[in-house]
Each structure stands twice: as structure tokens, then as C-alpha cells.
Amino acid sequence: MANGIEEVISTLYDMIQDAWSLPLGAEKCVVERDRVLDLLDEISNQLPGELKQAKTIVESRNEVITNAKKEAENIIKQAERRAKQMISQESVYLEAQKEAAAVMKQANDKIKELRQVTNEYVNDAMKRTEDAIAEALARVKESRGKFNSLTGAQEKKPSPIIEDV
């Protein structure tokens with residue numbers, strides 16, 4: 001007899017196809033009852049095993065699909081977390097760059113301001129010093145003039161150490 005259910009069914013199909021038609025009944029035929037019953041018994045005997053194997057294959061397939069879906073979901077979640085982390089890191093980096101640029105600009109502005117204030121202060125201090133020295137020199141000259149007029153001394157050329165400014 002045939003090995004697989006498909007072969008048994010094919011044999012049964014061929015047997016019916018090749019069977020003699022009854023007179024006046026083209027749709028009816030004559031087959032060997034014992035042989036057909038044997039083939040049907042063979043199908044009945046093989047069917048539970050085949051069905052069990054098919055169920056196992058379907059269950060296995062479903063399990064593989066379920067596991068693949070879970071793994072795909074995990075991969076997607078990991079990718080989303082990684083993308084968020086990268087975006088977060090990039091935004092932190094960009095924010096830090098902006099903040100650093102702002103701090104640098106503020107520091108440069110403060111340096112310019114301090115340089116200007118310092119230059120103005122030094123210039124003013126030098127001017128005041130110059131004015132004070134000029135005033136002191138004028139007093140010295142005035143005092144010398146008074147001294148010379150009191151002592152009757154003739155005015156001499158100033159010593160090389162003191163010069164007129």
C-alpha cells in the first residue's frame with residue numbers, strides 16, 4: 001500500500017477515475033469495496049499522526065512568530081531608548097556649546113569693559129599726577145622767586161638736575 005496520506009488519496013482518486021461506469025448512470029461507478037475500505041482505513045490510521053504533526057508544526061510556527069514579535073518589539077524599544085539617549089546627549093552637548101559661547105562672549109565683553117575702565121583710570125591718574133607735578137613745579141619756581149627776591153640773589157640758570165617742564 002501507499003506510504004503517505006497524499007499517496008493513498010491519490011490512489012483512491014485514480015481508482016474511482018478508472019472505475020467502470022454503470023449503464024444509464026454516467027455519474028455512478030463500480031469499485032472494489034474491500035480495496036476502497038482498505039485505503040480508507042489506511043487514511044484513518046495515518047490521519048491522527050499527520051494531524052498531530054501538522055498541529056505541532058503550526059504551534060511551533062506560532063511560537064516562532066510570537067518570539068520574533070517579542071524580539072522585534074524589544075529591538076524597537078532599545079532603538080527608541082538609544083535614539084532618545086543620543087538626542088538627549090546631543091541636545092545637552094548643543095546646550096553646553098551655547099552656554100559656553102555665551103559665557104565666552106560675556107567674559108570677552110567684561111574684559112573689554114575692564115580694559116576700557118582701567119585705561120581711563122590710568123590715563124586719569126597720569127593726568128592728575130602730571131597736574132600735581134606741574135603745580136608743585138610752579139610752587140617751587142614761585143618759592144625760588146620769592147627766595148631770590150628776599151635774599152637779593154640773582155637768578156641763575158637752574159641746575160641740570162631740575163628742568164622746566
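**Two helices, two strands and an extended chain**

At 52% relative accessible area, Arg 139 is exposed, where exposed stands for over 50%, buried for under 20% and partly exposed for the range in between (1.4 Å probe, protein chains only). Arg 139 forms a salt bridge with Glu 135, and their closest N and O atoms are 2.4 Å apart. A salt bridge here is a side-chain nitrogen of Lys or Arg within 4 Å of a carboxyl oxygen of Asp or Glu. Glu 135 itself is partly exposed, with a relative accessible area of 42%. The two residues sit four residues apart in helix α2, about one turn of the helix.

Before going further, a word on the model: it is predicted, so local features need pLDDT of at least 70 and side-chain atom pairs count only at pLDDT 80 or more, while totals for chains, interfaces and linings use all residues. Residues are numbered from 1 along each chain as its sequence is written, and side-chain values use heavy atoms, with hydrogens and water left out.

The overall layout is a good place to get one's bearings. The protein chain holds two helices and two strands, and these follow one another in the pattern α-β-β-α along the sequence. The radius of gyration of the protein chain is 59 Å, well over the 15 Å that the globule rule gives for 165 residues, so the chain is more spread out than a compact globule. For reference, the radius of gyration is taken over C-alpha atoms, and the globule rule is 2.2 Å times the number of residues to the power 0.38. Helices (H or I, at least four residues) and strands (E, at least two) are DSSP runs, numbered from the N terminus. The C-alpha trace spans about 180 × 30 × 20 Å along its principal axes.

The surface and interior can be described in the same spirit. Of the 165 residues in the protein chain, 9% are buried. The chain exposes about 14900 Å², with carbon and sulfur atoms supplying 57% of this area; accessible areas come from the Shrake-Rupley method with a 1.4 Å probe, and for residues only the protein chains shown count as cover. Among contacts between residues at least 6 apart in sequence, 53% join residues at least 24 apart, a contact being heavy atoms within 4.5 Å.

Where residues do come together away from the solvent, the largest nonpolar core has six members: Val 8, Leu 12, Met 15, Val 36, Leu 39 and Ile 43. The elements that give two or more residues to this core are α1 (5-18) and α2 (33-151). A nonpolar core is a set of buried Ala, Val, Leu, Ile, Met, Phe, Trp, Tyr and Cys residues joined through side-chain atoms within 4.5 Å. Ile 43 offers a view of the packing: leaving aside neighbours within four places in sequence, Ile 43 is in contact with Ile 5, Val 8, Ile 9 and Leu 12.

Nonpolar side chains also appear on the outside. Trp 20, Leu 22 and Val 30 make a nonpolar surface patch of about 340 Å². Patches are made of residues with over 30% relative accessible area and no salt bridge, with like charges joined within 9 Å and nonpolar side chains (Val, Leu, Ile, Met, Phe, Trp, Tyr) within 5 Å. Trp 20 belongs to strand β1 (residues 20-22) and, at 67% relative accessibility, counts as exposed.

Returning to charged pairs, the structure holds five salt bridges. Besides the pair described at the start, one of them joins the side chains of Asp 124 and Arg 128 (3.2 Å, N to O). Asp 124 and Arg 128 are four residues apart in helix α2, so about one helical turn separates them. Asp 124 is partly exposed at 39% relative accessible area, and Arg 128 is partly exposed at 46%. Lys 127 and Asp 131 also meet in a salt bridge (3.3 Å, N to O). Being four residues apart in helix α2, Lys 127 and Asp 131 are likewise about one helical turn from each other. Lys 127 is partly exposed at 44% relative accessibility, as is Asp 131 at 37%.

Two further distances give a sense of scale along helix α2. Ser 60 lies in this helix and is partly exposed at 39% relative accessibility. Ser 60 and Thr 118 are 58 residues apart in sequence and 85 Å apart in space, C-alpha to C-alpha. Ile 75, also found in helix α2, is partly exposed at 48% relative accessibility. The C-alpha atoms of Ile 75 and Ile 65, 10 residues apart along the chain, are separated by 15 Å.
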